[in-house]
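Colleague: I have a chain open on my screen and would like to talk it through with you. Could you take my questions as they come?

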Amino acid sequence: MAYFRYMANKIVVVAPTYNEEENIAAFIEAVSKYPVALLISDSHSSDKTAQIVKKYKDVYYLDVKKRGLGLGLSEGLNYAVDKLGADILITMEADLSNDISKLPDFIKKVKTADLVIGSRYAKGGGVKNWSWWRRLLSRTANLTLSVISLTFNISEFTNLYRAFDKKVWEAIKDKVSVHKDWLFVPAFVFEALGTNFKIVEEPYIFLDRFGGRSKMKTVSYAKDLLRYAIKFRLERSAPFFKFLVVGGFGFFINTAVLIIGVNLGMVPANSGMLGAEFAIISNFILNNLWTFSDRKVTTPVEIIKKFIPFNVLSFGSAVIQFIFLKIGELIFGLEHYKASLWYMLFYVAGVAVGLVWNYIMYSKVIWKKKNK
């Protein structure tokens, strides 16, 4: 591994450890066959792990005084980037459960992707030497996380074997580093999914540890994991639920103007357009102050500059509503259409389609998050 310092892209494998004296020597020798540097981020092991690691001159050793997988990973990754100048980071277990022969595949794939997740459940992956209970628990956990995160192209959230560009770590480390234990591992994926980074999977066969014993408290971890995932989803979905509340109030305004206008003799399509404009004004005020309050504008100039494009884009939903109402008018004839209240059905259909349009325009264009 001595030639690591002369590589164009510095690749550092960060392996968190705690009492791995039975596996660490074999792990180091296996990793040493590949063009990477190895950093052992040790949670102050009470066995001979540190003594064994220090026998290898080309292996970096970091003594993390406090224990916790997440803490060991956070400090190890920061050390790899800040002290070793790593461009590419790879995390993996030191218990020989991760297939080290797959390192070249991870390195090759990370050249065209930002984050490569080692997956036991993607096509070509698998698990050996596990009981049916551990298989069921792991598979259920990952399927549950896929559903909660609404990400069905990722099959693995709870496995540590990953390769990623340092910019991924720099983008999410503040949010991920708060997890000092095993929650760090799934949280890393959840936070990465909220970015614009390219994420792919690399299948591999997972083997049960060869020596020592697992430090994970399975039941406690499963409960914490589910609690974290649900909280994450609720927080990420909060703007959408707020948007629905604001949209409901706008719908009330739009509907009231529509009905009043029709009763005063207006054509439903025209009355609907007028109601839509009143709803647009209401939506802008409430979305700016509440739904997207983290991105709100406050000065008169900013408000005018944002309201003009908001009104233009929101009018797309008004046009959708107008088209639906006009279609109903052409089908039933104006007088029958107004008298039978068929126009309300077409109105609701138009509003539903316009709702999707509005949310996309509001969150992705009008109140688009600025990159840091």
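Colleague: What phi does Gly 333 take just after α10?

Modeller: Gly 333 takes a positive phi of about 85°, and its place is just after α10. Helices here are DSSP runs of H or I with at least four residues, strands are runs of E with at least two, and both are numbered from the N terminus. This is a predicted model, in which local features need pLDDT of at least 70 and side-chain atom pairs count only at pLDDT 80 or more, while totals for chains, interfaces and linings use all residues. Residues are numbered from 1 along each chain as its sequence is written, and side-chain values use heavy atoms, with hydrogens and water left out.

Colleague: How far apart are the end C-alpha atoms of α10?

Modeller: They are 46 Å apart, which agrees with the 48 Å that the 33 residues of α10 (residues 300-332) should span at 1.5 Å a residue; the expected span is 1.5 Å times one less than the number of residues.

Colleague: And which residues are buried in α10?

Modeller: Among them are Phe 310, Gly 316, Ser 317, Ile 320 and Glu 329, where buried means under 20% relative accessible area, exposed means over 50%, and partly exposed is in between, with a 1.4 Å probe and protein chains only.

Colleague: What does Trp 357 touch?

Modeller: Not counting residues up to four places away in sequence, Trp 357 touches Leu 313, Gly 316, Ser 317 and Ile 320, a contact being heavy atoms within 4.5 Å. Trp 357 itself lies in helix α12 (residues 342-366), and at 33% relative accessibility it counts as partly exposed. Its C-alpha is 10.0 Å from that of Phe 315, although the two are 42 residues apart in sequence.

Colleague: Where does Val 267 lie?

Modeller: Val 267 lies in the loop between α8 (218-263) and α9 (268-291), and it touches Lys 326, Glu 329 and Leu 334, again not counting residues up to four places away in sequence. The C-alpha atoms of Val 267 and Tyr 60 are separated by 77 Å, with their positions 207 residues apart along the chain.

Colleague: Back to backbone angles: what phi does Asn 19 have, given that it is not a glycine?

Modeller: Asn 19 has a positive phi of about 55°; it is found in the loop between β1 (11-17) and α1 (24-31) and is partly exposed, with a relative accessible area of 21%. Leu 96, also not a glycine, has a positive phi of about 70°. Leu 96 sits in the loop between β4 (88-91) and α4 (103-110) and is buried, with a relative accessible area of 19%.

Colleague: Is Ser 74 buried or exposed?

Modeller: Ser 74 counts as buried, at 5% relative accessibility. Its place is in helix α3 (residues 69-82), and, leaving aside neighbours within four places in sequence, Ser 74 is in contact with Trp 169, Ser 177 and Phe 184.

Colleague: Now the whole chain: how many helices and strands are there?

Modeller: There are twelve helices and nine strands in the protein chain. Its radius of gyration is 28 Å, well over the 21 Å that the globule rule gives for 372 residues, so the chain is more spread out than a compact globule; the radius is taken over C-alpha atoms, and the rule is 2.2 Å times the number of residues to the power 0.38. Along its principal axes the C-alpha trace spans about 90 × 50 × 35 Å.
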